[in-house]
Amino acid sequence: MRCTLALLVGLSGPAMAQEIVAAELVAPTGRYAHAVLGDALEWGGLELTLSDGQRLRFTLPDSHVFEDITARLGDFDGDGLPEVMVVETSVTQGAALAIYDAGGRRAATPYIGQPNRWLAPSGWGDFDGDGRIEIAYVDRPHLARELVFVRLVGKALTEIARAPGFTNHRIGESRIAGGTRRCEGLDTLIVASADWSRALAVTLGPGGVLASDLGPWRGSGPDLKSCR
């Protein structure tokens, strides 16, 4: 899959040498009628603002959309510079998790494999304490309800752990629940149990995914700012 790059604001230096300071989904489109996020509009483009004022726009072909609520800016590979995370969907093969930088699409997971199948980003952090960043998402949060952890290395997203029994989204809602909570220097992922009855704190260990029960899931779940 190739996207089209357009320069929106004047070039003052090589784009790849600049830091991304903002990212936004643009160009609403109705070409993919899944409506998992509550309406029939998705996004056809991704706009990046760089530290020198350049603005870049990546436009997807008609065979793809960004099926997401936002473009997430974060340091996903631990190199001290931000990249952008989005859900990128093929209208025939369903959703994938994609990472973009100033050069375009850098890495992505495989597409789920059929249309109207989606994944919901959950959070990112060092969930196993080894100093490296893991990215978490829920694969088909309304069907399979599998929590997946991947790691960005070079130009690849490599799966490192997967477990069933989790969710973070209800069909038709325009928000994704949970996220990453950092307490006493440790990162923990907050998600819901598959039936939405319990709030779960998740980390990674030698055996894979480790989940602790935080009690009943109430509304949007636990306060991510609180470590109590």
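**Entry 1: salt bridges**

I began with the rule I would use: a salt bridge is a side-chain nitrogen of Lys or Arg within 4 Å of a carboxyl oxygen of Asp or Glu. I also reminded myself that this is a predicted model. My first pair was Arg 162 and Glu 146, whose closest N and O atoms are 2.6 Å apart, and they form a salt bridge. Arg 162 lies in strand S13 (residues 156-164) and Glu 146 in strand S12, so this pair ties together parts that are 16 residues apart in sequence. I then looked up how open the two are: Arg 162 is partly exposed at 35% relative accessible area, and Glu 146 is partly exposed too, at 22%.

Arg 162 also has Glu 159 as a salt-bridge partner, with the closest N and O atoms 3.0 Å apart. I found Glu 159 partly exposed, with a relative accessible area of 41%.

**Entry 2: a network**

Next I turned to Arg 151, which makes a salt bridge with Asp 130; their closest N and O atoms are 3.6 Å apart. Here I saw distant parts of the chain being linked, since Arg 151 sits in strand S12 and Asp 130 in the loop between S10 and S11, 21 residues apart. Arg 151 is buried, with a relative accessible area of 10%, whereas Asp 130 is partly exposed at 35%.

How many salt bridges did I count by this rule? The count comes to 17. I noted that shared partners join Asp 128, Asp 130, Arg 132, Glu 134 and Arg 151 into one network.

**Entry 3: a charged residue indoors**

Is Glu 42 buried or exposed? I found Glu 42 buried, yet without a salt bridge. The nearest side chain of opposite charge belongs to Arg 31, and it is 10 Å away. Glu 42 is found in strand S3, which covers residues 42-50. Leaving out residues up to four places away in sequence, I listed what Glu 42 touches, including Ala 27, Pro 28, Tyr 32, Leu 37, Val 65 and Phe 66.

**Entry 4: the cores**

My last stop was the nonpolar residues. In soluble globular proteins, nonpolar side chains tend to be buried together. The largest nonpolar core here has 19 residues, and those touching the most other members are Leu 97, Ile 99, Trp 118, Ile 135, Val 150 and Leu 157. I traced the strands that each supply at least two residues of this core: S7, S8, S10, S11 and S12. There is also a second, separate core of 15 residues, and I jotted down Leu 25, Leu 46, Leu 48 and Tyr 100 among its members.

Conventions
Residues are numbered from 1 along each chain as its sequence is written. This is a predicted model: local features need pLDDT of at least 70, side-chain atom pairs count only at pLDDT 80 or more; totals for chains, interfaces and linings use all residues. Side-chain values use heavy atoms; hydrogens and water are left out. Helices (H or I, at least four residues) and strands (E, at least two) are DSSP runs, numbered from the N terminus. Buried means under 20% relative accessible area, exposed over 50%, partly exposed in between (1.4 Å probe, protein chains only). Lys and Arg count as positive and Asp and Glu as negative; His and the chain ends are not counted. Contact means heavy atoms within 4.5 Å. A nonpolar core is a set of buried Ala, Val, Leu, Ile, Met, Phe, Trp, Tyr and Cys residues joined through side-chain atoms within 4.5 Å.
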